[in-house]
Amino acid sequence: MNTQAKTLEIDIVSDVVCPWCIVGYRQLAEALEASGTPHEIRWHPFELNPAMPPEGQDMEEHLVEKYGLTKAQSDENVARLSDAGSSVGFEFRFGDTMRMHNTFNVHQLLHWADQQGKKHELKQALFTAHFQAHKNLSDIAVLADIAAGIGLERETALAVLEDQRFAEAVREAEQFWQGQGINSVPAVIFNQRHLVSGAQGVENFTSILKQLAEMKE
């Protein structure tokens, strides 16, 4: 009998301006830690708003326009997200200065950071920059600063975004996952076979991990 646990492959398709993506990831991370599951996480690109102009859009205006939310519904959604974030140690700082941004450059920067072994760290820094510091993720200088903040070379980060050298690679990755039927995020794929959509909660993720472990026995 082989007692060595096999590493669980986890592909996560997400966008850094998606609040449920950070909540879902934190829930999954908590379940992984509690269960002691050996794992490897790979992040993949998805744009919530690929047609968003460079100047972005006021968050409340965006939610009304895209989802038809009333002010009361928007406030309710914010309260629900804040509670969900707090439960997994992530503080959302929603406010009047929040804007929705185009994230195509974000995903190019993440693609480059992957080559430096820092994609996961940059992903977390970008979640924080958007939801806590209200940084303008459409601004390549801001993105370069965020990259520098985790130890990446700022000038190279800026050059990567200025010459758009990874634009085609990111488009291809986005199209691949869309071709797999993924049209909402977060989308979590275990061992390239089992798709789980949305922030499932720590308890549900723990149950899923248990089922996957039993399938291997």
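Student: Which residue stands opposite alanine 187 in S6?

Tutor: Keep in mind that this is a predicted model. Strand S5 covers residues 187–190, and 4 bridges join S5 to S6, with the two running antiparallel. Across from alanine 187, in S6, you'll find serine 197.

Student: In what order do the 4 strands of the open sheet come?

Tutor: The pairing in this sheet is mixed. Strand S2 (39–45) and strand S6 (194–197) each have a single partner strand, so one side of each is left without a neighbour in the sheet. From one strand to the next, the twist averages 20°. With S2 and S6 at the edges, the order reads S2-S1-S5-S6.

Student: Which helix packs on the sheet, and what angle does its direction make with that of S2?

Tutor: Look at residues 119–131, which make up helix H5. H5 touches strand S1 (8–14) and also S2. Its direction and that of S2 make an angle of about 60°.

Student: How far apart are the end C-alpha atoms of helix H8?

Tutor: Let's work out what to expect for residues 167–179. H8 has 13 residues, and at 1.5 Å a residue, counting one less than the number of residues, it should span 18 Å. The model agrees with that, because the end C-alpha atoms are apart by 18 Å.

Student: Within what arc do the buried residues of H8 fall?

Tutor: The buried ones are Ala167, Val170, Glu174 and Trp177. Looking down the axis of H8, they line one face of the helix. On the other side, Glu168, Gln175 and Gly179 are exposed. The buried residues line one face because they fall within an arc of 100°.

Student: What covers the buried residues of H8?

Tutor: Part of the cover comes from strands and part from a helix. The helix is H4 (104–115). Together with H4, the cover includes S1, S2 and S5.

Student: Is glutamate 174 buried or exposed?

Tutor: Glutamate 174 sits in helix H8. Leaving out residues up to four places away in sequence, it touches Pro45, Glu47, Phe104 and His107. Its relative accessibility is 7%, and the cut-off is under 20%, so glutamate 174 counts as buried.

Student: At roughly what angle do the axes of H6 and H7 cross?

Tutor: Two packed helices are described by the angle between their axes and the distance between the axes. For helix H6 (residues 140–149) and helix H7 (residues 154–163), the axes come within 8 Å. The contact involves residues including Ile140 and Leu143 of H6, and Leu158 and Leu161 of H7. H6 passes H7 in a right-handed crossing, and the axes cross at roughly 140°.

Student: Which two residues does a cis peptide bond join?

Tutor: Most residues other than glycine have a negative phi, and most peptide bonds are trans. Check the loop between H8 and S5, where proline 186 is placed. Omega is about 5° at the cis bond, which joins valine 185 and proline 186.

Student: What is the phi of glutamine 164?

Tutor: Glutamine 164 lies in the loop between H7 and H8. At 29% relative accessibility, it counts as partly exposed. Although glutamine 164 is not a glycine, its phi is positive, at about 55°.

Student: And what is the phi of asparagine 191?

Tutor: Asparagine 191 belongs to the loop between S5 and S6. With a relative accessible area of 25%, it is partly exposed. Asparagine 191 is not a glycine, yet it has a positive phi of about 50°.

Note on methods: Residues are numbered from 1 along each chain as its sequence is written. This is a predicted model: local features need pLDDT of at least 70, side-chain atom pairs count only at pLDDT 80 or more; totals for chains, interfaces and linings use all residues. Side-chain values use heavy atoms; hydrogens and water are left out. Two strands pair if DSSP finds at least two bridges between them. Axes are lines fitted to C-alpha atoms, for helices over the stretch in contact, and angles run from 0 to 180 degrees between N-to-C directions. Contact means heavy atoms within 4.5 Å. Buried means under 20% relative accessible area, exposed over 50%, partly exposed in between (1.4 Å probe, protein chains only). The arc is that of the directions from the helix axis to the C-beta atoms. A crossing is left-handed if the near helix is turned anticlockwise from the far one by less than a right angle, and right-handed if clockwise.
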